[in-house]
Amino acid sequence: MSANFSSVPILNYELAQDPARRQEFIEQLRHALINVGFLYLSNPPVDQELLDTLVNKYIPQLFALPDDTKLAIRMANSPHFLGYSKLGAEFTKGAVDYREQFDFATPHISRWKPGDPDYYSLWGPSQWPDEELVPGFRAIMERYMLQVQDVSYVFAELASEALGLPPGKAGLARFYDTPDLMQHRSKIVKYPPVSSDAQVDQGVGPHYDAGFLTFVRSLFLLQASDHPGLQVQNLSGEWIDAPPIPKTFVVNIGKALEFVTRGLARATSHRVLSPRGNTPRYSVPFFQNIGLNVRLAGSVLDFSEDILRLRDARGSVSTTDSVNFAEFDREPSGQVNLIGRVKSHPDVGQIHYPELFKQLFPHGLPAIASAY
Ligand SMILES: O=C(O)CCC(=O)C(=O)O
Ligand SMILES: [Fe+2]
């Protein structure tokens with residue numbers, strides 16, 4: 001199999017549940033982790049009815065809420081960077097991202113108490129729109145996030161196996177704290193269409209995800225656009241389309257997982273182009289985190305020579321449009337995350353983390369900021 005991919009592989013989750021075919025799945029997964037860094041996971045055990053309700057009923061309702069209702073739960077209210085971001089509030093690589101979004105997270109009570117590091121405040125309760133305005137939405141979204149969370153933990157076990165690591169805490173599970181101390185984030189994103197001759201089409205600019213694993217449900221509410229949307233950069237720098245496929249998640253590797261696996265599991269640069277035409281693109285990404293106190297530099301895993309040879313045969317990226325991370329291996333993961341969040345949402349950082357904001361933006365709120 002060529003290491004320089006020209007499409008994103010599709011893996012059937014049902015194979016992983018079938019003892020007779022599990023090994024086939026593990027081999028496909030090894031290839032996808034090492035050579036692509038992206039895959040479609042088809043038939044994941046997430047209730048389709050739940051997803052359909054979320055997509056067809058609640059997503060349109062959510063974005064159709066009046067501006068003052070959305071702004072009542074704006075991210076600037078939240079030290080946890082959870083809540084609503086209006087169009088144009090976020091920046092990647094120095095350019096504004098053309099998307100509107102609501103950030104939510106799995107239920108969590110902030111563990112921060114006086115004397116604790118600031119990054120303990122990064123995780124905490126979500127802001128929810130008024131129950132009367134979108135009745136039932138919160139319950140559905142929380143159920144959805146918990147189901148994806150379960151898939152993400154099972155997937156991490158499969159990834160451990162694919163990379164030749166032991167199961168459980170001896171493998172990738174060592175990077176999670178106990179469940180009460182973990183929080184994962186999910187957001188609901190709308191990419192409005194741009195005109196067919198628009199010069200600028202940055203839905204979200206080229207970037208790497210920072211964490212461990214990302215699970216994106218990418219969808220068209222109205223299947224009326226042939227626009228590619230999500231694109232993934234291969235080893236020679238070409239952008240490969242990853243269009244929505246029903247009943248799949250797009251799964252990708254974050255920089256933290258790449259680092260602790262010595263580059264075996266690839267983090268791959270990706271971006272979203274704004275849809276052209278009349279219909280928006282929607283997606284629901286889920287970002288699986290690792291424990292807030294993990295320092296990556298002290299946590300790098302050991303692998304067999306055989307597996308490392310597969311990495312070396314792949315080679316490394318010749319061109320990327322994404323900026324590399326700098327500080328991220330030495331600081332605790334919570335601090336790395338916090339820095340990324342303040343850079344992406346400086347207005348929120350200025351309110352809730354004024355000291356860190358001053359270090360990162362000594363000249364005050366920038367007209368244009370950039371995380372990655
Ligand atoms: O909307 C998508 O399909 C992907 C978004 C993404 O890459 C991100 O938010 O990190
Ligand atoms: Fe991403």
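**Strands, core and ligand shell of the predicted model**

Strand β6, residues 100-105, is mostly covered, with six of its six residues buried. The model is a predicted one. Glu100, Phe102 and Phe104 point one way from β6. Gln101, Asp103 and Ala105 point the other way, and all of these residues are buried. In a regular strand, side chains alternate between the two faces of the sheet.

Strand β6 pairs with β3 and with β7. Three bridges join β3 to β6, and the two run antiparallel. Here Gly83 stands opposite Asp103 of β6. Six bridges join β6 to β7, residues 185-191, again in an antiparallel arrangement. Phe104 has Ser186 as its bridge partner in β7. Glu100 is partnered in β7 by Lys190.

Strand β7 is itself covered. Six of its seven residues are buried, so β7 is largely enclosed by the rest of the structure. β7 also pairs with β14, in the antiparallel sense and over five bridges. In this pairing Val189 stands opposite Ser283 in β14.

Both Val189 and Ser283 belong to the surroundings of ligand 1. The other residues around ligand 1 are Val204, Asp209, Val216, Ser218, Leu230, His270, Val272 and Pro285. Three elements give two or more residues to this shell: β9 (213-219), β13 (270-273) and β14 (281-288). By residue class, the shell around ligand 1 divides into six nonpolar, three polar and one charged.

The largest nonpolar core has 87 residues. Leu33, Leu39 and Ala159 touch the most other members. Helix α5 gives the most to this core, with ten residues. In soluble globular proteins, nonpolar side chains tend to be buried together. Leu33 touches Ala159, Ala162, Leu163, Ile253 and Ala265, residues up to four places away in sequence not being counted.

Helix α5 spans residues 137-162 and has 26 residues. The distance from its first C-alpha to its last is 37 Å. This is close to the 38 Å expected at 1.5 Å a residue. Just after α5, Gly164 takes a positive phi of about 80 degrees.

Helix α7, residues 305-314, has a contrasting setting. Of its ten residues the number buried is one, so α7 lies largely in the open. A glycine with positive phi follows here too: Gly315, just after α7, has a value of about 85 degrees.

Positive phi was also found outside glycine. Most residues other than glycine have a negative phi. Asn43 has a phi near 55 degrees, a positive value in a residue other than glycine. Asn43 lies in the loop between β2 (38-42) and α3 (48-63). Asn43 has 15 other C-beta atoms within 10 Å and is therefore partly exposed. Phe81, which is not a glycine, has a positive phi of about 55 degrees. Its loop runs between α4 (67-71) and β3 (83-85). Phe81 counts as buried because 26 C-beta neighbours lie inside 10 Å, and the cut-off for a buried residue is 20 or more.

Two exposed residues were examined for their distance to sites in α5. Ala20 is found in the loop between α1 (13-17) and α2 (22-36). With 7 C-beta neighbours inside 10 Å, Ala20 counts as exposed; the cut-off for this class is 12 or fewer. Ala20 and Glu142 are 122 residues apart in sequence. In space, 34 Å separates them, C-alpha to C-alpha. Glu355 has its place in helix α10, residues 354-360. Glu355 has 8 C-beta neighbours inside 10 Å, so this residue also counts as exposed. Glu355 and Arg138 are 217 residues apart along the chain, and their C-alpha atoms are separated by 33 Å.

Conventions:
Residues numbered from 1 in each chain as written. Chains lettered and ligands numbered in written order. Predicted model: local features only at pLDDT ≥ 70, side-chain atom pairs only at ≥ 80, totals over all residues. Helix = DSSP H or I, 4+ residues; strand = E, 2+ residues; numbered from the N terminus. Expected span 1.5 Å × (residues − 1). Core = buried A, V, L, I, M, F, W, Y, C linked by C-beta atoms within 7 Å. Contact = placed C-beta atoms within 7 Å. Near = placed C-beta within 6 Å. Nonpolar A, V, L, I, M, F, W, Y, C, P; charged D, E, K, R; others polar. Pairing = 2+ DSSP bridges.
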